[in-house]
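Notebook open, coffee ready. Here is what I looked up, entry by entry.

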Amino acid sequence: MAEPRVVVVGAGPAGMRACAALAEAGLRPVLVDEAARPGGRIYQQPPDGAGRPARELYGLEAAKATRIHALAPALAGRIDHRAETLAWNCFADALDLLGPGGPSRVEFDALVLATGATDLALPFPGWTLPGVYALGGAQIALKAQGCAIGRRVAFLGAGPLLPLVACQYLEAGVAVAAVLDATPFLAKLRGLPRMLSAPATLAKGMLYVARLRRAGVPMFFDVRRPRVEGRGRVERLRFEAGGVEREVACDALGASFGLRSETQLADLAGCRFEFDPRTRQHVPARDAAGRSSRRHVYVAGDGAGIGGADAAELAGERAALALLEDLGLSFDANRAAWLEGSLARLDVFRRGLEAAYPFPEHMVRDLDDATMLCRCEGIAAGALREAAIAKDAGEVNRAKAFTRVGMGRCQGRMCGRAAAEVLAMARGEALGQAGRLRAQPPVKPIPMLPGLLS
Amino acid sequence: MSAPVFDVAIIGGGTAGCAAALALRQRGMSVVLLEKGACGAMASGTNFGGVRRQGRDFREMPLATRSRALWDRLPAVVGEDCEFRATGHIKLARDEAEMAELERYAREARDHGLELSVVGGNAVRALYPWLGPKVAGASLCADDGQANPRLVAPAYARAARAAGAEIREFAKVESARWTGSLFEVDAGPASARARRLVNVAGLWGGEVAGWFGEGVPIRPLCPNMVVTEPLPYFIDRSIGVCGGNVYARQVERGNVIFGGGRGWGDAQAGLSRPRADVARDAMARALEILPQLRDARIIRTWTGFDGEMPDEIPVIGPSLSTPGLVHAFGFSGHGFQLGPAMGEILAELVADGRTPSPVEPFSIGRFASAPPAPRLT
């Protein structure tokens with residue numbers, strides 16, 4: 001048998017661990033990643049030469065980040081790393097790529113999709129003002145670019161990233177104006193029993209909160225009706241907490257409400273999707289090893305459902321072992337079983353975390369018709385609701401056809417989830433009914449001209 | 001109690017089917033429409049959006065002229081304009097031979113009531129300074145235009161439903177037969193019986209015709225479409241070229257939509273996908289005529305299924321095998337403009353047994369010796 005052509009998309013924790021396992025088995029996978037250097041978003045590296053120590057960049061996760069980064073030189077010559085390369089289409093058994101050398105196509109016998117996640121954005125008044133960033137964006141500005149999003153920054157969110165990013169800003173010397181949790185404090189207690197399954201991780205989370213408290217950062221829970229105000233850019237944030245109207249002066253806001261998986265390539269690859277009520281999104285159907293419904297296509301990490309960086313490492317390796325098994329190559333079955341057991345244990349913690357940060361449905365309920373929902377096309381929530389009801393758009397693709405929601409530059413990557421939430425609530429139907437925006441190539445915008453140079 | 005017998009059952013929720021449902025209701029007939037997916041999701045919704053008479057086979061011209069009048073009336077008929085704009089359509093020549101083709105077509109078009117204005121060389125550049133240097137001439141049909149294909153069939157479907165038609169979406173018709181007194185249409189829980197049957201099932205129309213012993217050589221046509229991010233508005237006409245290997249328009253929002261070539265489609269599986277290599281060829285051709293697209297970014301590509309006949313004109317007219325059955329399918333990539341008129345024409349054929357529009361050239365009889373079209377999912 002000719003050497004199987006294996007492609008891994010994504011050089012985050014899942015993709016790197018998959019590559020390591022594949023290389024270990026003697027394969028030479030092609031690794032496609034948009035960034036210049038491996039690490040993914042979670043362990044994103046600064047541009048060459050920025051030279052800040054890992055401890056400063058990744059805090060308590062520095063050792064893990066360093067281990068993932070160290071895989072690249074360790075695997076040099078054993079993987080074909082295509083850096084700064086976008087996989088913009090998957091059709092049949094090939095990916096269309098766009099990299100520094102122009103467009104190319106890579107064929108595969110087996111494919112591992114470790115495409116990661118982005119912040120989950122939800123609209124609220126003023127969310128499109130300059131100075132509002134996603135929490136993940138605020139974090140990347142800090143760790144990859146060494147800059148803060150503002151001088152006096154407020155943070156708003158509904159997930160574990162909220163105290164973490166706020167803490168990182170604090171340690172970087174930025175004034176943290178307030179930390180606003182859109183979920184109730186009581187939820188943290190509800191999540192506690194399950195989170196005790198990973199005491200070290202839980203302790204880290206509590207440490208972040210303690211640091212913020214010690215520094216005197218105002219913290220609010222069950223924050224409602226946030227709105228950003230300012231002339232041309234962020235000047236203040238108004239919100240309700242405990243039934244009291246409050247105001248925080250700030251020049252930037254980091255805000256997002258959880259994570260959403262990047263699933264477009266799995267969709268284009270023809271994988272079957274299913275609705276995951278825990279993360280309120282449609283994800284590629286997969287078995288415990290990461291096999292998708294399509295033969296020889298595997299999904300791992302946050303791109304296959306939200307599990308976090310530690311789970312991503314395990315899932316990437318597990319998917320690689322499944323790939324080896326399915327190609328009839330030798331693999332370590334004991335290791336595979338251990339990985340699945342570890343993933344199951346991490347999932348207990350994850351469920352606790354999800355209970356601690358439940359989805360803030362009030363953000364959808366309180367969203368007024370005039371607030372813009374789709375930034376690219378400038379479509380307000382009211383237009384979507386009108387399509388959902390008056391025009392009987394029962395799912396998001398229909399609403400997209402009628403209103404252009406999700407039809408712009410981001411192709412719904414940023415607004416698609418919010419659109420599904422708004423549509424389902426407007427129709428009084430289960431969220432799963434609202435569906436998901438079908439992926440259409442290119443996954444991200446591609447220029448006209450480079451496509452013509454080949 | 002048995003299920004009601006409708007006056008008319010319609011298979012297919014494209015523009016023609018939805019417009020026919022509305023027109024039949026306006027004549028007081030009871031109507032059920034069965035659509036395998038959502039109305040307007042196939043060829044009616046995924047096409048380029050050209051509303052054009054220029055360049056048509058002259059046999060289609062009376063139908064297209066009738067339809068053109070209806071496009072102006074959309075707000076009155078369906079409650080919205082579906083972004084129809086009479087921007088005019090220019091067809092471009094890229095060399096002398098194509099220029100001669102434009103002039104010849106314009107001469108003949110006059111006999112069919114279509115006034116075109118053909119200009120060459122410097123006049124083209126004066127009128128359309130945004131066209132590339134390769135353009136040798138242009139033929140303008142000033143009252144052609146463009147519309148948003150995603151809106152038209154659903155708007156007709158809503159209007160038909162409001163008028164009392166029963167529109168059953170996600171109702172895949174598995175088979176249909178004539179019992180000698182009525183049509184039985186099998187679609188699981190959406191099954192229906194009717195005295196008349198309209199086959200407007202697009203690519204799937206061939207299979208429906210086959211159930212009644214009428215074979216047609218229909219094939220899938222998947223136009224490969226591309227759209228850019230929004231750009232400052234500069235293309236104030238809809239554009240085609242001789243030979244048709246690229247076409248473009250800019251919507252008011254600013255996006256430039258262009259197409260050319262064929263995508264991939266597996267009609268048996270009901271799957272279609274745009275092709276990257278075909279899109280790249282279309283980009284090259286689009287840049288020749290619209291050099292300002294140099295720095296544009298592509299945000300989406302798509303395709304969908306239409307049915308294409310070997311002579312590139314549709315099948316329209318009564319079945320020759322079964323009384324009460326009327327066909328209209330196989331619009332071969334240029335049915336969008338005809339949709340509104342097809343609604344009226346089908347209603348006339350069903351209710352009156354005849355139409356003032358000349359549909360004889362489109363008779364299914366021209367394929368009398370063809371084998372039945374294959375079964376599609």
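What percentage of the 377 residues in chain B is buried? I got 58%, where buried means 20 or more other C-beta atoms, placed from the backbone, within 10 Å of the residue's own.

Note to self: this is a predicted model, where local features need pLDDT of at least 70 and side-chain atom pairs count only at pLDDT 80 or more, while totals for chains, interfaces and linings use all residues. Residues are numbered from 1 along each chain as its sequence is written, and chains are lettered from A and ligands numbered from 1 in the order in which they are written.

Next I checked the build of chain B. I found 10 helices and 22 strands (DSSP runs numbered from the N terminus: H or I of at least four residues for helices, E of at least two for strands). The C-alpha trace spans about 70 × 40 × 40 Å along its principal axes.

Then I turned to where the chains meet. I see 20 residues of chain A in contact with 22 residues of chain B; contact means C-beta atoms, placed from the backbone, within 7 Å. On the chain A side, strand 4 (86-91), helix 13 (396-403) and strand 23 (446-447) each give two or more residues. Helix 13 of chain A has the largest share, 3 residues.

Last entry: which strand of chain B pairs with strand 23 of chain A? It's strand 19 (residues 297-302), antiparallel, over 2 bridges; pairing takes at least two DSSP bridges. I noted one bridge there, with A:I446 partnered by B:I298.

Definitions and conventions
A residue is buried if 20 or more other C-beta atoms lie within 10 Å of its own, exposed if 12 or fewer, and partly exposed in between; C-beta atoms are placed from the backbone. Two residues are in contact if their C-beta atoms, placed from the backbone, lie within 7 Å.
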